[in-house]
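The following exercises are to be worked through with the sequence and the model side by side. Each task is followed by a solution in steps.

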Amino acid sequence: MPQQCPFCYFINNKPEDIWVVGETENFYAWLEYPEPRAKGQTNIVPKEHKESLMELTEKEWDEAMGLLREIVQSVTIGLDADGVSVTMNIKEAGGQMVPHAYIQIFPRFSGDENAGTPTGAIFSKKQEIQSEEVFQKVQSSIKDAEVGVNKPLKQRPKVSKRHMESTEEQEEKEKEEEEKEEENERNKNAAEQWKRMKRGSY
Ligand SMILES: [Zn+2]
């Protein structure tokens, strides 16, 4: 345990101050205490010290997501929440306030003043990153990093068109494509509608 980790301190020395609402082998789900920003605000926290969420193994990520899902359901049923926001703040610039990984769960209530405001609304729109040129650069910078925490991108099979062997299959494929096109059209309409919405972010 590092010198100044409040979470490790609570886990090891003050378990009476931890308001546990869920637990797995490697994680606690505890209520934000003593000053929650929402009724039932919960943190998913690894029991062992992890500097950030990026230190979790693939198995631990799965475990945390399972617990997260459980808590989202529990606050929805138990507190009658109308919605839930989940945030992961990674590293100081990302808003991580404690040097010990955590995932935050905020139950949302339709009667609240901030109901309907997406958590992403803290990001204001920036004109200078809206050009196609910037998008191209950003896209290649991210894709070229080829990190692949669990499965490196390089090793992922490329999507290829299925080889057609018979007319029957061909017809079936055409039908599928037609349906896909119709679906795309519906999605396109929805996307355009979404773009027209005045919401600052999502
Ligand atoms: Zn710690």
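Two strands are said to pair if DSSP finds at least two bridges between them. The structure examined here is a predicted model.

**Exercise 1. Determine the order of the strands in the sheet and identify which strands stand at its edges.**

Solution.

Step 1. Begin with the overall inventory: the protein has 4 helices and 5 strands. Along the sequence these elements follow the pattern α-β-β-β-α-β-β-α-α.

Step 2. Trace the pairings. Strand β1 is joined to β2 (residues 27-31) by 3 bridges, and the two run antiparallel; within this pair, V20 lies opposite W30 of β2. β2 and β3 are paired in the antiparallel sense over 5 bridges, and Y28 has V45 in β3 as its bridge partner. β3 and β5 are also antiparallel, with 3 bridges; here N43 has Q104 in β5 as its bridge partner.

Step 3. Assemble the order. The 5 strands make an open sheet, β1-β2-β3-β5-β4, with antiparallel pairing. β1 (20-23) and β4 (83-88) each have a single partner strand, so they form the edges, and one side of each lacks a neighbour in the sheet. From one strand to the next the twist averages 20°.

**Exercise 2. Establish which helix packs on the sheet and which residues make up the largest nonpolar core.**

Solution.

Step 1. Helix α2 (residues 58-78) packs on the sheet and touches β1, β2, β3 (42-46), β4 and β5 (103-108). The direction of α2 makes about 15° with that of β5.

Step 2. The largest nonpolar core has 21 residues, and those with the most contacts inside it are F27, A29, I44, V45, L67 and L68. At least two residues each come from α1 (6-13), β2, β3, α2 and β5. The most is given by α2, with 5 residues. In soluble globular proteins, nonpolar side chains tend to be buried together.

Step 3. Take F27 as an example. Apart from residues up to four places away in sequence, F27 touches I44, V45, P46, K47, E63, A64 and L67.

**Exercise 3. Decide whether β3, α4 and M88 are buried or exposed.**

Solution.

Step 1. The cut-off is needed here: a residue is buried if 20 or more other C-beta atoms lie within 10 Å of its own, and exposed if 12 or fewer do.

Step 2. Apply this to β3. In this strand 5 of the 5 residues are buried, so β3 is largely enclosed by the rest of the structure. T42, I44 and P46 point one way, N43 and V45 the other, and all are buried. In a regular strand the side chains alternate between the two faces of the sheet.

Step 3. Turn to α4 (residues 167-196). Among its 30 residues the count of buried ones is 0, and the helix is hardly covered. Its expected span at 1.5 Å a residue is 44 Å, which agrees with the 43 Å between its end C-alpha atoms.

Step 4. Consider M88, found in strand β4. M88 counts as partly exposed because it has 17 C-beta neighbours inside 10 Å. Beyond four places in sequence, M88 is in contact with L53 and I103. The C-alpha atoms of M88 and S52 are 9.8 Å apart, although 36 residues separate them along the chain.

Step 5. For the protein as a whole, buried residues make up 14% of its 202 residues.

**Exercise 4. Locate the backbone features at P34, D80 and K91.**

Solution.

Step 1. Y33 and P34 are joined by a cis peptide bond, with omega about 5°. P34 lies in the loop between β2 and β3.

Step 2. D80 is not a glycine, yet its phi is positive, about 60°. D80 belongs to the loop between α2 and β4 and is exposed, with 11 other C-beta atoms within 10 Å.

Step 3. K91, also a residue other than glycine, has a positive phi near 70°. K91 is in the loop between β4 and β5 and is exposed, with 12 other C-beta atoms within 10 Å.

**Exercise 5. State which residues have pLDDT under 50.**

Solution.

Step 1. The mean pLDDT of the protein is 87, and 87% of its residues reach 70 or more.

Step 2. Over residues 152-161 pLDDT stays under 50, and the model has 5 contacts beyond four places in sequence for them. Where pLDDT is low, the predicted coordinates should not be read in detail.

Note on methods:
Residues numbered from 1 in each chain as written. Predicted model: local features only at pLDDT ≥ 70, side-chain atom pairs only at ≥ 80, totals over all residues. Axes fitted to C-alpha atoms, helices over the stretch in contact; angles between N-to-C directions. Contact = placed C-beta atoms within 7 Å. pLDDT = per-residue confidence, 0-100. Core = buried A, V, L, I, M, F, W, Y, C linked by C-beta atoms within 7 Å. Expected span 1.5 Å × (residues − 1).
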